[in-house]
Amino acid sequence: TPVVPLAIVSPVRDEGKYVRNTLDAMVAQTVQPQEWLFVDDGSTDDTAQLAAEAGATVVSLPFNVGVGGAMRTAARQWRASLRARRATVESHCTARW
């Protein structure tokens with residue numbers, strides 16, 4: 001299955017009952033995202049655990065901040081991830097020269 005440089009963000013809250021169907025549907029796609037980020041917006045059920053067990057990256061918020069707050073959290077997480085990847089590449093290139 002090809003992987004594309006794409007991130008999927010799923011803001012979720014108390015979706016444990018449905019998250020398995022969502023995960024199965026994504027895995028069944030012919031093209032996979034490079035990263036799938038679940039922002040658990042203060043769930044009181046097993047949503048975050050199920051997503052993590054399926055291999056998704058999960059950021060758990062301690063309380064509900066709403067969809068907008070969850071998406072802002074996702075943007076911060078993605079930027080941090082990009083900075084970490086860039087630092088790894090830069091250190092690798094510096095070590096080689």
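The expected span of a helix is 1.5 Å times one less than its number of residues. Keep that rule at hand for the second stop of this tour.

**Before you start**

You are looking at a predicted model, in which local features need pLDDT of at least 70, side-chain atom pairs count only at pLDDT 80 or more, and totals for chains, interfaces and linings use all residues. Residues are numbered from 1 along each chain as its sequence is written, and side-chain values use heavy atoms, with hydrogens and water left out.

**Stop 1: the whole chain**

Show the protein chain as a cartoon and colour it by element. Helices (H or I, at least four residues) and strands (E, at least two) are DSSP runs, numbered from the N terminus. You will find three of each, in the order β-α-β-α-β-α from the N terminus.

Now colour by pLDDT, the predictor's confidence in each residue, from 0 to 100. The chain averages 84, and 85% of the residues score at least 70. Among the elements, H2 has the highest mean, 94, and helix H3 (residues 66-96) the lowest, 74.

**Stop 2: helix H1**

Select residues 16-27, which form H1. What span should its twelve residues have? At 1.5 Å a residue the answer is 16 Å, and the end C-alpha atoms are 17 Å apart, which agrees.

Next, show the side chains of Gly16, Val19, Leu23 and Met26, which are buried (under 20% relative accessible area; exposed is over 50% and partly exposed in between, with a 1.4 Å probe and protein chains only). These four cover an arc of only 65° around the axis, so they sit on the same side of H1; the arc is that of the directions from the helix axis to the C-beta atoms. An α-helix has 3.6 residues a turn, so residues three or four places apart point the same way. Turn to the other side of H1 for Lys17 and Asn21, which are exposed.

What do the buried residues of H1 pack against? Their partners are strand E1 (3-12), E2 and H2.

**Stop 3: the largest nonpolar core**

Select Val12, Val19, Leu23, Met26, Trp36, Phe38, Leu50, Ala51 and Ala56: these nine residues are the largest nonpolar core, a set of buried Ala, Val, Leu, Ile, Met, Phe, Trp, Tyr and Cys residues joined through side-chain atoms within 4.5 Å. Helix H1, strand E2 (32-41) and helix H2 (47-53) each give two or more residues to this core, and the largest share, three residues, comes from H1. Apart from it lies another core, of six residues, including Leu37, Val39, Ala70 and Ala74.

Zoom in on Val12. Leaving out residues up to four places away in sequence, Val12 touches Phe38, Val39, Asp40, Asp41, Ser43 and Thr47, where contact means heavy atoms within 4.5 Å.

**Stop 4: two loops**

Go to Asp14, in the loop between E1 and H1. Its phi is near 50°, a positive value in a residue other than glycine. Most residues other than glycine have a negative phi. Asp14 is partly exposed, with a relative accessible area of 31%.

Finish at Ala54, in the loop between H2 and strand E3 (57-61). Ala54 is partly exposed, at 42%, and touches Arg20 and Leu23, not counting residues up to four places away in sequence. Add Asp24, in H1: its C-alpha is 9.2 Å from that of Ala54, although the two are 30 residues apart in sequence.
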